[in-house]
Structures are given as C-alpha cells and as structure tokens.
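Here are some notes on the open spaces in this structure, set out point by point for reading beside the model.

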Amino acid sequence: MAALGSKETILTAMKRVYRYQAQHQTRSVIRRSGKTRFIKDTDWERGVFWSCVSAAWLATDDNEYLDGVMNYTLHTGFRPGPNDRFADDHICCQAYLDVYPLIDQIEALEPTIKALDLMVESPQAGRKDWWWCDSLFMAPPAFAALTQRTGDPKYLDYMNTAFWDSVEHLLDPETGLFYRDYRYIPDGNGGELREANGNKVFWSRGIGWVLAAVPRLLARMPDDYPQREKYLALFTSLAAEVIKYQQADGFWRTSLLDPENFPAPESSATALFCYGLAWGIKQGHLDADIYMPVVETSWTALQTCIHDNGMMGWVQLPAFNPRDVAFEHNIDYGAGAFLLAATAVADLVS
C-alpha cells in the first residue's frame, strides 16, 4: 500500500486537479461533424464533474469542495437538463441531492422530483431509456438518492427494474463486459460495429461508468434492500473481468480488446476503474492480494496525467467508442473521475 502514498499526498493531488478544473471548465467541444457544441451547466460533462466534487466534499468534509458545489447550484437553480427521460440530463441531480440536507427547502427538490416522476409515472423498459452503458452511471444514483431524501421507495424501485433490464440488454454473456450500445451488439448477420482487428468493441470508459455506478448506488441504497446483493455480484464479476485488460504501465486503453489500435493511455477509464476497485477492497468485496497491485499501478499511472498546473490530461474527449487520446486532452468529467479515484484511494490508506 506504500505505493499509493500518504493520505496527505493523495488529497493534495485531488485538490490540485479540482482547483484547475473549477477555474477552467470546458466551454465547448467539437463534434465529429466539425460543428461546435457549447456546454451548458446541466450537460453531462459538467454534471459529472460537480457530482464528483460533491463526492469529494462528502469524503473529506472540505468546505472548498462544498463551496464549489453550492456555487454550481446557483448557476443551475437545482434544475436538471432540458431533455425528458435523458440520463445525461439527470447526472447533475446527484450533486443537488448530496447537498440538499444543508438546504432543506422543498423548492430545491422540486425540479428533480418533476423530472424523475415523469419516468416513474410513465414507466418504460430500461433498455429503452438507458440504452447506452454510460447512462447507468448518469441516472440511477439520482433515483436512489431521491428515495433516500424523500423516503418514497418508488424512485428506487423504478430504478431497480429499469437498471436490470438495461443490464440484460447490454451485458455480453461471453466476455462479462458491457457493450456501449445496440450498435455493437452482435445481430447474427454481421451488422454490428467491430474493432479494426475484428474483435467486439468494448469501450473502456463506458465499462468504467458501469463499474463506478455500483458504489454510488449502494451508498444511496438501504442496507436491507432486497436486491443489494445482486448489485454486488455484478460489481465483483465485472471487476474480475476488467483487471484482465490493464496494461503494463497501469493504464487501460480506450479499447479493451484492441489496445494496439489506439495505444495512448486513457485517464478517465483508468480513474473510474481505480475508484471502483479501491472501493471494493476497502469494503471487503474484493481480495486485496489480487486487486491491490492493480489499484497501486493505476493510481501511480494517473499521477503522470496531471500537468504542472493541475490540468488532468490523457482524457478521451466525448465519444461513444474507442478513439485516440493526447496528453493535452482535458475536459471536466476526466477531472471528476480522478476526484472519485482519489477519494477511494485516500479512504484505502486511512
């Protein structure tokens, strides 16, 4: 465990990355079409970051993180994104629900309640609403947290049903890994998208979102919830699969089954895996003899991604599949993923 450093050095790295990103939030991204998309405060790139900042506050009780989240809520007015039933527009609600006990005004909950009630009152299959694996990180913890804050079990129960329907759709039984979405699921006619080497496409960050979703769900789920063990079984099974694809330098590449196609390091997936695995060790769900070396090498690798000014680099930019990455690539969610990893690693050395 010495390879992880002291708790002080971990928290210092976390603060450096936070301060840089809070002061340099990404304003726009270039789409594949070449057109510019301007990022709103409620967009997922920003929402992931501030939800992870709220996790940093909960883990450290450091008011610098809290002040940042509270300032974020002033900008958004506690509103989710504008699109109904869209998981990416629900991630910001996780930050709101984390700080809600300090506010304790029902008006702050009302926009989230309205957005999630729309789904609960008109239920659809999880594979229809949460049809891409990233969505399992973006939306389900908000449903669990709303039950936690209101005491109404309908949000958690709805989430549970939709979550497992989405998992059934996206989980590949052959590898135990998750497809990003329907375009990559074999259709029996060779119509699915494949890697350059002919293998199935398993995108590391997409699978990282799924692994990282489980700790965030369980933190908001009652200890006696009947399905709790099912989430843990999914977590431990997925953890056992993803460690097979860590590279010698501690990173995961953007493509798990074709790492040579895009050989650059990728920090956001690496951070999400590091977070989940460190949490699993600390909670006693993963064997430290097996998983600690994986966490140690991934944490060491992540330190090399931090620029001198605190900018988190090697972050694959917004995508739905494996692509190339550069040291200069930075965006809000990459810093957020690092904050999650840092909270779990700091807890591990405490």
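**Notes on the two pockets**

1. In this predicted model, the lining of the second largest pocket draws at least two residues from each of α2, α4 (91-103), α8 (140-150), α10 (204-218), α12 (267-282) and α14 (332-349). Among these helices, α14 provides the largest share of that lining, with five residues.

2. The volume of the second largest pocket comes to about 540 Å³. It is lined by 25 residues, and those closest to its centre are Ala55, Leu58, Ala59, Ala219 and Tyr275.

3. When the lining of the second largest pocket is sorted by class, 13 residues are nonpolar, five are polar and seven are charged.

4. Turning to the largest pocket, the space within it is about 750 Å³. Its lining is made up of 32 residues, of which Arg37, Trp44, Glu45, Pro318 and Ala319 lie closest to the centre.

5. As for the elements behind this lining, β1 (28-30) and α2 (44-60) each contribute at least two residues to the largest pocket, and β1 gives the most, with three residues. The helix α2 also supplies at least two residues to the lining of the second largest pocket, and should therefore be looked at in both places when the model is inspected.

6. The lining of the largest pocket divides into 13 charged, twelve nonpolar and seven polar residues, whereas the second largest pocket has 13 nonpolar, seven charged and five polar residues in its lining.

Key
Residues are numbered from 1 along each chain as its sequence is written. This is a predicted model: local features need pLDDT of at least 70, side-chain atom pairs count only at pLDDT 80 or more; totals for chains, interfaces and linings use all residues. Side-chain values use heavy atoms; hydrogens and water are left out. On a 1 Å grid over the protein atoms alone, a cavity is a set of points where a 1.4 Å probe fits but cannot get out, and a pocket is an open set with protein on both sides within 12 Å along at least five of seven lines; lining residues have an atom within 4 Å of a point. Grid points are joined across faces, edges and corners, and a volume is the space filled by probe spheres set on the points. Helices (H or I, at least four residues) and strands (E, at least two) are DSSP runs, numbered from the N terminus. Ala, Val, Leu, Ile, Met, Phe, Trp, Tyr, Cys and Pro count as nonpolar, Asp, Glu, Lys and Arg as charged, and the others, Gly among them, as polar.
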